[in-house]
Amino acid sequence: MKPDDPLLTILVCPLDKGPLSLLDPGDALYNPRLHRRYPILDGIPQLLPSSGEQLSDAEHTRALRRLADREAGS
């Protein structure tokens with residue numbers, strides 16, 4: 001999955017129904033509100049609640065930094 005994929009505009013977190021962000025290199029979708037990461041396997045987002053991984057505060061901070069860096073570079 002790539003950052004310009006139109007599918008990203010309609011995918012939502014299965015828990016809070018809010019938007020997700022693509023983490024680089026495109027291997028996961030991230031919900032910063034819940035600190036949950038959802039993997040993308042073989043190009044298919046795994047959006048079952050049980051597929052999500054809770055990130056620690058440190059991992060959350062790194063993920064936000066990566067997202068901000070990518071937005072600044074675009």
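This is a short tour of the chain, from the whole fold down to two residues and their contacts.

**The whole chain**

Start with everything selected, and keep in mind that this is a predicted model. In a cartoon view you should find one helix and five strands. Follow the ribbon from the N terminus and the order reads β-β-β-β-β-α.

Now switch to C-alpha atoms alone. Along the principal axes, they fill a box of roughly 30 × 30 × 20 Å. How does the radius of gyration sit against that of a compact globule? The chain has 11 Å, which agrees with the value near 11 Å expected for a compact globule of 74 residues.

Next, turn on a surface. The accessible area comes to about 4700 Å², and 56% of that belongs to carbon and sulfur atoms. Of the 74 residues, 31% are buried. If you like contact maps, draw one here: among contacts between residues at least 6 apart in sequence, 28% join residues at least 24 apart.

Before zooming in, colour the charged side chains. You will have 9 positive and 11 negative ones, and the centres of the two sets lie 3 Å apart.

**First close-up: Asn 31**

Select residues 28-31, which form strand 2, and pick out Asn 31. Is Asn 31 buried or exposed? Its relative accessibility is 0%, so Asn 31 counts as buried, the cut-off for that label being under 20%.

Show the side chain as sticks and add the backbone of Arg 33. A polar atom of the Asn 31 side chain lies 2.8 Å from the backbone nitrogen of Arg 33. Then bring up the residues that Asn 31 touches from further along the sequence: leaving aside those up to four places away, they are Cys 13, Asp 16, Leu 20 and Arg 36.

**Second close-up: Glu 59**

Move on to helix 1, residues 57-73, and select Glu 59 within it. With a relative accessible area of 30%, Glu 59 is partly exposed, a label that covers values between the 20% limit for buried and the 50% limit for exposed.

Which backbone nitrogen lies 2.8 Å from a polar atom of the Glu 59 side chain? Add Ser 56 to your selection, for the nitrogen belongs to that residue.

As a last stop, place a distance label between the C-alpha atoms of Glu 59 and Arg 37. These two residues are 22 apart along the chain, and the label should read 10 Å.

Definitions and conventions:
Residues are numbered from 1 along each chain as its sequence is written. This is a predicted model: local features need pLDDT of at least 70, side-chain atom pairs count only at pLDDT 80 or more; totals for chains, interfaces and linings use all residues. Side-chain values use heavy atoms; hydrogens and water are left out. Helices (H or I, at least four residues) and strands (E, at least two) are DSSP runs, numbered from the N terminus. The radius of gyration is taken over C-alpha atoms; the globule rule is 2.2 Å times the number of residues to the power 0.38. Buried means under 20% relative accessible area, exposed over 50%, partly exposed in between (1.4 Å probe, protein chains only). Contact means heavy atoms within 4.5 Å. Accessible areas come from the Shrake-Rupley method with a 1.4 Å probe; for residues, only the protein chains shown count as cover. Lys and Arg count as positive and Asp and Glu as negative; His and the chain ends are not counted. The place of a charge is taken as NZ of Lys, CZ of Arg, CG of Asp or CD of Glu. A polar contact is a pair of N or O atoms within 3.5 Å; within protein, one must be able to donate a hydrogen and the other to accept it, and residues adjacent in sequence count only if both atoms are side-chain atoms.
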